[in-house]
Amino acid sequence: MDFKKIFDKQNVFLLLLVLMVIAGKVIPYEDSYQRIFNLEAFIDWGIAGIFLLYGLKLNLKEVIKDVSNWKLHLVVQLGTFLLFPLLVLIFYPFFRETVYFQSWLSVYFLACLPSTVSSSVVMVSIARGNVTSAIFNASISGLIGILMTPLLMGFFLQAHHSEGNETEIIQQLLLKVLLPIVLGILLNPIFKKIISKYGKIIAEFDRLIILLIVYESFSKAFLENVFAAVPSFVFVVIAVGVIALFFVVYEILAWLSHRLGFSREDTITTTFCGSKKSLVHGSLFVMILGIPEAQKVLFLLPVMIYHSFQLFYVSWLASKIAKGNN
């Protein structure tokens, strides 16, 4: 696999993300445009489509084969859904009654997300780690996240939601996430050849929906002048905070791998998969969890910063490890 091609492709996607933010400022999507093209409805169907395709791509037979490597899987999933949130929760007492609570909550949202699928597997492959276990963990993380992300976020969001809103959120999760995945898994034996043949084109659909979510969210933020209420240094603190979070998690997972006697290949998989966070799930859960419109951009920012950093840094790190310069 050509590292330069992967890097260039991801680089283009990051550029497009920036362009969507700029487009949200220059040509924001206003409510009057709904008569021409209903962007919100398209995104809603797109979210369901992404999870349907996720189910179609999930080969349960291959996943089940790697269950025996349970120590590695346990460390990765605990890192993703326990270590990450705990590290952010340490700072909760300092922010809970301040004007910066929503900024803290946006970083906590990042910490509650599942691991990313495609880039985890690709980076592990480049670094010559345990690819089979990477596929298992990346896949199972997304499934666990359907339950864990709303559960972990629920402790802080429930205070802002009525019972009716909570019921609506559960319905959204069932209709847009769980049902499409189950349907995709059931249809996998029928469509697996088609999915394999057109996998690259399907991956572009994921990116398209993410770009549209970013554009819509930033359009509303600029139209409602959301950024005026957020000091510039908050963005700097968030950026420094999420990058520091990456390194702390990565080093803890590397230490645990060493203590548990993992092989070089398993250590690579543990540190790479356990330290990743999914922009796809972040973008989708921002739309599904009932987060107020005025706060969606703030919740997306840590995810976008983390995604960009992990992509560039882990790409470089994977290439370095592959060359034996670690």
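What share of the contacts in the protein with a separation of 6 or more comes from residues 24 or more positions apart? In this predicted model, such residues account for 86% of those contacts. The protein holds 14 helices and 0 strands, and from the N terminus on every element in the run is α. Of its 326 residues, 50% count as buried. Here is a friendly tour of some places to look at.

**Helices H6 and H8**

- Two packed helices are described by the angle between their axes and the distance between the axes.
- For helix H6 (residues 101-111) and helix H8 (residues 131-157), the axes come within 11 Å and cross at roughly 170°.
- Angles over 145 degrees count as roughly antiparallel, and H6 and H8 are therefore roughly antiparallel to each other.
- On the H6 side, the contact is made by Phe101, Trp104, Leu105, Tyr108 and Phe109; on the H8 side, Leu152, Met153, Phe156 and Leu157 meet them.
- The residues of this contact comprise 9 nonpolar, no polar and no charged.

**Helix H2**

- Helix H2 (residues 39-57) has 19 residues, which should span 27 Å at 1.5 Å a residue; its end C-alpha atoms are 26 Å apart, so the two values agree.
- At the start of H2, the backbone nitrogen of alanine 41 has a side-chain oxygen of asparagine 38 within 3.0 Å.
- The buried residues of H2 are Leu39, Ile43, Gly46, Ile47, Ala48, Gly49, Ile50, Phe51, Leu53, Tyr54, Gly55 and Leu56.
- An α-helix has 3.6 residues a turn, so residues three or four places apart point the same way.

**Two residues of helix H4**

- Helix H4 (residues 70-89) contains leucine 83, and glutamine 77 lies in H4 as well.
- Leucine 83 has a relative accessible area of 18%; the cut-off for buried is under 20%, so leucine 83 counts as buried.
- Leaving out residues up to four places away in sequence, leucine 83 touches Leu78, Val249 and Ile252.
- The C-alpha atom of leucine 83 is separated by 9.5 Å from that of glycine 274, although the two residues are 191 residues apart along the chain.
- Glutamine 77 is buried too, because its relative accessibility is 11%.
- With residues up to four places away in sequence again left out, glutamine 77 touches Leu82, Asn137, Ile140, Ser141 and Ile144.

**Two loop residues: serine 275 and arginine 128**

- Serine 275 sits in the loop between helix H12 (264-274) and helix H13 (279-288).
- Is serine 275 buried or exposed? Its relative accessible area is 0%, so serine 275 is buried.
- A polar atom of the side chain of serine 275 lies 2.6 Å from the backbone oxygen of threonine 271.
- Not counting residues up to four places away in sequence, serine 275 touches Phe84, Phe246, Val249, Tyr250, Leu253, Tyr306 and Gln310.
- Val249 is thus a neighbour to look for twice: serine 275 touches it, and leucine 83 touches it.
- Arginine 128 is found in the loop between helix H7 (118-126) and H8.
- Because its relative accessible area is 54%, arginine 128 is exposed.
- Most residues other than glycine have a negative phi.
- Arginine 128, a residue other than glycine, has a positive phi, near 65°.

Definitions and conventions
Residues numbered from 1 in each chain as written. Predicted model: local features only at pLDDT ≥ 70, side-chain atom pairs only at ≥ 80, totals over all residues. Heavy atoms only, no water. Axes fitted to C-alpha atoms, helices over the stretch in contact; angles between N-to-C directions. Helix = DSSP H or I, 4+ residues; strand = E, 2+ residues; numbered from the N terminus. Parallel < 35°, antiparallel > 145°, perpendicular 65-115°, else oblique. Contact = heavy atoms within 4.5 Å. Nonpolar A, V, L, I, M, F, W, Y, C, P; charged D, E, K, R; others polar. Expected span 1.5 Å × (residues − 1). Buried < 20%, exposed > 50% of the residue type's maximum accessible area, 1.4 Å probe, protein only. Polar contact = N/O pair within 3.5 Å; in protein donor to acceptor, adjacent residues only side chain to side chain.
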